[in-house]
Amino acid sequence: MGLREYVIRRLIYMFLLVIAVVCFNFFLFRLPTILFGVSPVDLMIDVNLRRNMTSEVLEEIYARFGLVPDPDIFDWIYMFWRYVVNMFTGDFGYSFVSQAPVTDEIMARLPNTLLLMGTSSIVAIILGIFTGVKVAADPGSTKDVGAVTVALFIYALPVFWVGIMLLMTFSFYLPNLTGGLIQFPSGGTITPDVWIAAKDDPLGGLIIAGNILHHLILPMVTLGVGGYGGYFLYMRNSLIDVMTEDYILTARAKGLDENQVLYKHGMKNAMLPMVTIIAMTFGFLINGATLTETVFGWYGLGRYIFRSLIILDYPVVQAIFMVIAITAILANFVADMLYGVLDPRIKYG
Amino acid sequence: MSTDAGKSGGWKDRNWYVSLSGFWLQYKKHKIGLLGIILLVLYVGMAVGAPWIATHDPSPTAKVAPNYLAPQWVSVFDPEGVVTGEFMPDTGFNDTSTWMIDPEAPVSYKNGTNQDEFEYVYQEATGDNDFNHVNLTWTHANETMDWRTPADPDDNLPAANDFIYFTQQLEWPYESIPSDVNMTLDFAITRTGDFAELEGGLMFKVYVWVIDSSGNWRNVYRSYPLYSDSYRERQMDLSYLHIVDGWRGMVENETGYQEDETDILTVAVGLVPTAVFRNFLGDTPEYNYTGSVTASFRSISMIAYGEYFGLLGTTDKGADAFSQLIYGSRISLTIGILATAISTAIGVVVGLTAGYFGGKTDEILMRVVDFLLVIPGLPLMMIMASFLGPRTENIIIVISILGWTGTSRLIRSQVMAEKNKAYVESARAIGASDTYIIMRHILPNVTPILFANITLGVVGAILSESGLAFLGLTDPGQPSWGRMLADAQATGGFTHGAWWVVVFPGLMITILSLSFTFVGHTLDQVLNPRLRER
């Protein structure tokens, strides 16, 4: 089977996954209707408010969400049809709460989430690969055992707790101790005053960037720590595997010095499985980090999906869930392709 | 391993013993593995023994003290700080010398001119009555009473000069006032004559005063009808003004000056006629009444809260952090272990089926796995937990639904490697059924790999549970570490300087998941020979 056929097969497979996700999403958000006979609209509208509504108003609200009150089987089919059409045309409807199009709400938060997740993942990946290679050169050494123990420790940490601890140290205790010399913001994405002051400043862009960076550091470190352990362990194990291969022995026999063997021959090959992992990571980027974003009050998608869920803003939750899942599928596809391109030994099948 | 096990000899030659002891010999070489097991035993002990270890009500909403009190041992750095404790020297009236001003002179606890009407009796516990009592009685017989004119402007003293009381003294050793004071008074009231017939007991009240050593009386409690003749506890939460007024005189200021000479505080409990009695039916209604009222006291206690409380301080709602922390281990262990058990069971069944039968079955099952792998985990758990309702069993279901995919892939690949080996072929050749081959040959050979996978699964489940609890998706009645952190975060715990509500729950989660990680890592090294040289 050639590359072309392989790509087509993966494409078809990806398309099937997307359809599966679309269907799953439909039923997931109608779970209350299926299980308890209440639609998301029922949950949102107050009972007293509902009593005063004319049936036209109620039906209008239902229609907005693509729902039918007390659905029978034909209504279900109709609802599913409406939903599928809306999803594939990118019409995610309006937020119950802000009344703005869900797409706008998502787009407003997407850059923040990408910034946070992107920077933290890059830091974690680079550090993970670097330290993983360092340690794998000499497995079983004190350095290696120590580093693995630290990685296991990080793996066991609840990330949101790390965030709270950092917040407590760097935005409360240290500012108090150093008299405000070391001061990190206690939350948010940007200081509103800075935003207002810098809007008309010719160098405002720099000030704003600096301010956002200042807000970014703590959540970035939190997420970076959370991801580091996994990357490190994966890189280390992958490289240790590679270093037992015959071609490494050959390289050593040629008289190459150990650094060349490690970085030129070992690391390059050990990076192959890492590429898949990294591609997948970037697929889950817009997933956001609900917990970390909640701790730091970061204006991003992860916090938004959680808050919307709490206040029963279903169109938003449904749309974000859908977008996240589809991005993950795309990233999966890209990872498969990359792996095939990078490793010519792979047989397509 | 022994090859002729099970034949004869003691249980030491049994197969299971030999393999287990062989395993243990390998396992105990790993220090972190041993550490993990010790920690796990401690945690399980904590979860099982929670009712005995916990010092207070573990409910996150049960207020036992003012909020954000620091742990008691922190007071080492602050010798003047008030440590929470019971300050009444004799709560059950056991030692008469502590609570009477002068036992030889009963007159001193009667007040006013009309003393004949009041009587004081001390009863020691007898066989059919397990408690010591102090009875204060007012027997009224159509006589004029000595009303206070003008009335006390601060309303600290009752309307009549005539009343009866007893006192107990306590010493306040600290140089700062308490953050809160709770008193408990256990009493019953019996009435005779007109007092018994009249509504509710408008004629008298039980008063509690705090008297500082300068002799200022401050009324901190007065009883209200309806009165019952069986003993009931009354909780008195002293107001901030009462505390400031009562304790200020015993606290040195910056220059070392103290208003009162001594650190002695007197608590007085009395039975007093009220102004209602006076105003009822004209100026001197007492002429028209006869009867008696007896207040019988069984215990009095006073807890003064300082800046320090208990082993780990209090939370934002004034609940005891230590008890919550102890009980929190239950939910983490329950969910961690049960969710992993369920997801491992699903994973093993799916992995075995897919790997052994292959073909279409394999294809379909693996597509389901692929699908679950692209679904974002935490959002799905959040959505399902909030739809199903955040009860413990639902959290378990939600976590296990996503947890089995890794296991099933692992098992599948092992089974595929195993099923083409010669011993399986030969078993099939002699007519063994699929079920027999799976259960007797394949499963035992893939289980060693499973153990490390299970322990790491528990770590994931524990972290998921705490994350969900942090987002508020947890059983509202159950204490959980994630919830403690959520409460601390939502109410700005550390901005009140309450680092203990942030540090300890997180440490508990970390150490528990770390011990599982250590055990899992060690199992991996012992049971997977391929990895052993790493």
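Let us start at one small spot: D91(A) sits in the loop that links α6 (73-88) and α7 (102-136) of chain A. This is a predicted model, and everything below describes what can be computed from it. D91(A) has 15 C-beta neighbours inside 10 Å, so it counts as partly exposed. In sequence, D91(A) and P315(A) are 224 residues apart, yet their C-alpha atoms lie 10 Å from each other in space.

**Chain A**

Now step back to the whole of chain A. Chain A holds 16 helices and zero strands. Its C-alpha trace spans about 85 × 65 × 40 Å along the principal axes. Chain A has 349 residues, and 36% of them count as buried. Of the contacts in chain A between residues at least 6 apart in sequence, 70% join residues that are at least 24 apart.

One helix pair deserves a visit. Two packed helices are described by the angle between their axes and the distance between the axes. For helix α1 (residues 3-29) and helix α16 (residues 314-342) of chain A, the angle is about 165° and the axes are 10 Å apart. An angle over 145 degrees counts as roughly antiparallel, and α1(A) and α16(A) are therefore roughly antiparallel to each other. Their crossing is right-handed. On the α1(A) side, the residues that meet α16(A) include L3(A), Y6(A), M14(A), V21(A) and F29(A); on the α16(A) side, the partners include Y314(A), F321(A), A325(A), F333(A) and G340(A). By class, the residues of this contact divide into 14 nonpolar, three polar and two charged.

**Chain B**

What does chain B contain in the way of helices and strands? Chain B has 16 helices and eleven strands. Of its 534 residues, 40% count as buried. Among contacts in chain B with a separation of 6 or more, 77% are between residues 24 or more positions apart.

Helix α15(B) is a good place to look inside. Nine of its ten residues are buried, so α15(B) is largely enclosed by the rest of the structure. Among the buried ones are W481(B), R483(B), L485(B) and D487(B). The buried residues of α15(B) pack against α9 (159-177) and α14 (290-296) of chain A, together with α8 (321-357), α14 and α16 of chain B. After α15(B) comes G492(B), with a positive phi near 65°.

Helix α14 of chain B is also home to G467(B). With 23 C-beta neighbours inside 10 Å, G467(B) counts as buried. G467(B) touches residues of both chains: P158(A), F160(A) and L291(A) from chain A, and L378(B) and G482(B) from chain B, leaving aside residues up to four places away in sequence. G467(B) and I243(B) are 224 residues apart in sequence and 41 Å apart in space, C-alpha to C-alpha.

**Where the chains meet**

Contact between the chains involves 33 residues of chain B and 36 residues of chain A. On the chain B side, α9 (359-374), α10 (377-388), α14, α15 (481-490) and α16 (500-527) each supply at least two residues. Helix α16(B) gives the most, with nine residues. The chain B side is made up of 21 nonpolar, ten polar and two charged residues.

**The core**

The largest nonpolar core has 198 residues. Those with the most contacts inside it are L239(A), I320(A) and A325(A), along with L271(B), M382(B), I399(B) and L485(B). Helix α14 (residues 434-470) of chain B gives the most to this core, with 15 residues. As for I320(A), it touches I106(A), L301(A), Y304(A) and I305(A), not counting residues up to four places away in sequence.

**Two unusual backbone angles**

Most residues other than glycine have a negative phi, and most peptide bonds are trans. The table shows two residues of chain B with a positive phi.

| Residue | Phi | Place in chain B | C-beta neighbours inside 10 Å | Burial |
|---|---|---|---|---|
| Y68(B) | about 55° | loop between α3 (50-53) and β1 (85-86) | 24 | buried |
| D155(B) | near 60° | loop between β4 (133-141) and β5 (163-171) | 10 | exposed |

Y68(B) has its positive phi although it is not a glycine, and D155(B) is likewise a residue other than glycine. Y68(B) counts as buried, whereas D155(B) counts as exposed.

Key. Residues are numbered from 1 along each chain as its sequence is written. Chains are lettered from A and ligands numbered from 1 in the order in which they are written. This is a predicted model: local features need pLDDT of at least 70, side-chain atom pairs count only at pLDDT 80 or more; totals for chains, interfaces and linings use all residues. A nonpolar core is a set of buried Ala, Val, Leu, Ile, Met, Phe, Trp, Tyr and Cys residues joined through C-beta atoms within 7 Å. A residue is buried if 20 or more other C-beta atoms lie within 10 Å of its own, exposed if 12 or fewer, and partly exposed in between; C-beta atoms are placed from the backbone. Helices (H or I, at least four residues) and strands (E, at least two) are DSSP runs, numbered from the N terminus. Two residues are in contact if their C-beta atoms, placed from the backbone, lie within 7 Å. Ala, Val, Leu, Ile, Met, Phe, Trp, Tyr, Cys and Pro count as nonpolar, Asp, Glu, Lys and Arg as charged, and the others, Gly among them, as polar. Axes are lines fitted to C-alpha atoms, for helices over the stretch in contact, and angles run from 0 to 180 degrees between N-to-C directions. Angles under 35 degrees count as roughly parallel, over 145 as roughly antiparallel, 65 to 115 as roughly perpendicular and the rest as oblique. A crossing is left-handed if the near helix is turned anticlockwise from the far one by less than a right angle, and right-handed if clockwise.
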